[in-house]
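Please look over the sequence and the 3D structure shown below before reading on. The report then goes through the parts of the picture step by step.

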Amino acid sequence: MSAHQRAYERRTGFDAFRRAATRLRNGFGVLVWAARAGLADHSVMFTLRTWLLGWFMRMIAQVLFFLTIGNLLGPGQARFLLVGNAVLMVTLHGLNATGSTTWELENGTLGLLVASPSSPSTVLAGRSLFWLPDGLACGLGAILILAPVAHLTLTAATVPAVAGVMVVTALSSYCLGLFLGSLVLTAHDLRNVVSNGTLTLMMALCGPEFAPSSLGPVLGRVGAFLPLTHGLRAVRGVFAGMGAGQVAALTGQEALAGGCWLAVALAVLELRARHSRHEGAALFLN
């Protein structure tokens with residue numbers, strides 16, 4: 001190979017790398033602006049006062065309801081239900097992305113997204129990120145506030161570990177919510193039905209209310225493909241003194257489940273966008 005050919009290949013490789021870096025930088029910028037738009041929508045729905053005295057207290061009351069049932073069931077059940085339903089609050093907020101993904105259609109901006117040079121999937125992926133800190137605040141807040149009621153011991157080591165696992169659980173649940181939102185993107189009347197139905201299914205299969213093993217091996221394996229299952233096991237393991245390696249392995253499985261749901265969600269959004277552009281509708285119409 002001549003020196004000229006080697007120089008040409010190096011220059012071609014550098015140009016390809018530069019184009020990829022530019023696309024990545026532009027995509028990240030789109031994601032940030034989409035997240036800022038979603039945060040603006042959240043600030044319209046809630047002020048700090050209405051969120052704290054309304055939404056947050058509602059989430060705490062829901063966890064307290066199940067905790068009270070646990071006190072009636074017997075020793076240790078209050079702690080079991082407190083941890084399960086506190087982590088479930090994180091998942092609930094992640095699944096709220098199902099509904100907020102359809103807001104672009106309601107606002108009349110979905111067609112503009114399809115017609116724009118940016119990827120609609122990137123915009124929609126960042127559109128609902130505001131649910132993540134909301135869910136983390138509710139889930140972690142429930143544990144911190146209600147731990148004395150359930151006689152759950154908190155230490156300086158367990159709280160950061162639980163918070164870290166909750167972050168991964170929130171992200172994986174968000175990815176599932178994004179996938180469900182991609183399915184009901186043009187059928188927004190079904191958004192609450194789909195998200196609430198999925199949440200109910202996860203309450204039964206993922207272990208927040210009772211051990212998944214009580215459902216039998218088949219349904220237990222189904223729950224393993226859903227977010228929350230491995231993350232909740234990791235949180236319970238932290239409080240039970242499980243080794244750091246086991247907790248990390250469960251957290252990694254939770255992240256893997258979320259990554260799979262994210263890949264499917266982005267694929268569905270891209271396919272729908274290409275179909276709309278090909279048909280000339282630019283409205284995600286079937």
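What follows is a short report on the fold, two helix pairs, one enclosed helix, the cysteines and a few single residues.

## The chain as a whole

The structure is a predicted model, and its single pattern of secondary structure is simple to state, since the chain comes to 13 helices and zero strands. Read along the sequence, one α element follows another from beginning to end. The C-alpha trace spans about 75 × 50 × 40 Å along its principal axes.

Of the 286 residues in the chain, 42% are buried. If we take the contacts between residues at least 6 apart in sequence, 77% of them join residues that are at least 24 apart.

## Helices α2 and α3

Helix α2, which covers residues 48–73, and helix α3, which covers residues 77–95, have axes that come within 8 Å and cross at roughly 150°. An angle over 145° counts as roughly antiparallel, and α2 and α3 are therefore roughly antiparallel to each other. The crossing in which α2 passes α3 is right-handed.

On the α2 side the contact is made by Trp55, Met59, Gln62, Val63, Phe66, Leu67, Ile69, Gly70, Asn71 and Leu73, while on the α3 side it is made by Gln77, Ala78, Leu81, Leu82, Asn85, Ala86, Met89 and His93. Sorted by character, the residues of this contact of α2 with α3 are twelve nonpolar, six polar and no charged.

## Helices α9 and α12

A second pair is formed by helix α9 (residues 158–183) and helix α12 (residues 229–240), whose axes come within 9 Å and cross at roughly 180°. With that angle, α9 and α12 are therefore roughly antiparallel to each other. The residues that make the contact are Thr158, Ala161, Val162, Val165 and Thr169 of α9, together with Gly231, Ala234, Val235, Val238 and Phe239 of α12. The contact of α9 with α12 divides into seven nonpolar residues, three polar ones and no charged ones.

Helix α12 also holds His230, which counts as buried because its relative accessibility is 8%. Leaving out residues up to four places away in sequence, His230 touches Ala224, Leu250, Gln253 and Glu254.

## An enclosed helix

Helix α7 is made of residues 120–127, and seven of its eight residues are buried, so α7 is largely enclosed by the rest of the structure. The buried residues in α7 are Pro120, Ser121, Val123, Leu124, Ala125, Gly126 and Arg127.

## Cysteines without disulfides

How many disulfides does a search of the whole structure find? The search finds zero, and two of the cysteines can be followed in more detail. The cysteine sulfur closest to that of Cys138 belongs to Cys206 and lies 19 Å away, which is too far for a bond because a disulfide needs the two sulfur atoms within 2.5 Å. Cys138 counts as buried, as its relative accessibility is 0%.

Cys175 is likewise in no disulfide, and the nearest cysteine sulfur, that of Cys260, is 9.9 Å away. With a relative accessible area of 10%, Cys175 is buried.

## Residues in the loops

Val184 is found in the loop between α9 and α10, the latter being residues 191–205. Is Val184 buried or exposed? Its relative accessibility is 5%, so Val184 counts as buried. Apart from its neighbours within four places in sequence, Val184 is in contact with Thr98, Thr102, Leu190, Arg191 and Val194. Val184 and Val194 are ten residues apart along the chain, and their C-alpha atoms are separated by 8.2 Å.

Two other loop residues are worth a look for their backbone angles. Most residues other than glycine have a negative phi. His151, in the loop between α8 (131–150) and α9, has a positive phi near 60° although it is a residue other than glycine. Leu228, in the loop between α11 (217–224) and α12, is not a glycine either and has a positive phi of about 85°. As for their surroundings, His151 counts as exposed because its relative accessibility is 63%, whereas Leu228 counts as buried because its relative accessibility is 0%.

Technical notes: Residues are numbered from 1 along each chain as its sequence is written. This is a predicted model: local features need pLDDT of at least 70, side-chain atom pairs count only at pLDDT 80 or more; totals for chains, interfaces and linings use all residues. Side-chain values use heavy atoms; hydrogens and water are left out. Axes are lines fitted to C-alpha atoms, for helices over the stretch in contact, and angles run from 0 to 180 degrees between N-to-C directions. Helices (H or I, at least four residues) and strands (E, at least two) are DSSP runs, numbered from the N terminus. Angles under 35 degrees count as roughly parallel, over 145 as roughly antiparallel, 65 to 115 as roughly perpendicular and the rest as oblique. Contact means heavy atoms within 4.5 Å. Ala, Val, Leu, Ile, Met, Phe, Trp, Tyr, Cys and Pro count as nonpolar, Asp, Glu, Lys and Arg as charged, and the others, Gly among them, as polar. Buried means under 20% relative accessible area, exposed over 50%, partly exposed in between (1.4 Å probe, protein chains only). A crossing is left-handed if the near helix is turned anticlockwise from the far one by less than a right angle, and right-handed if clockwise.
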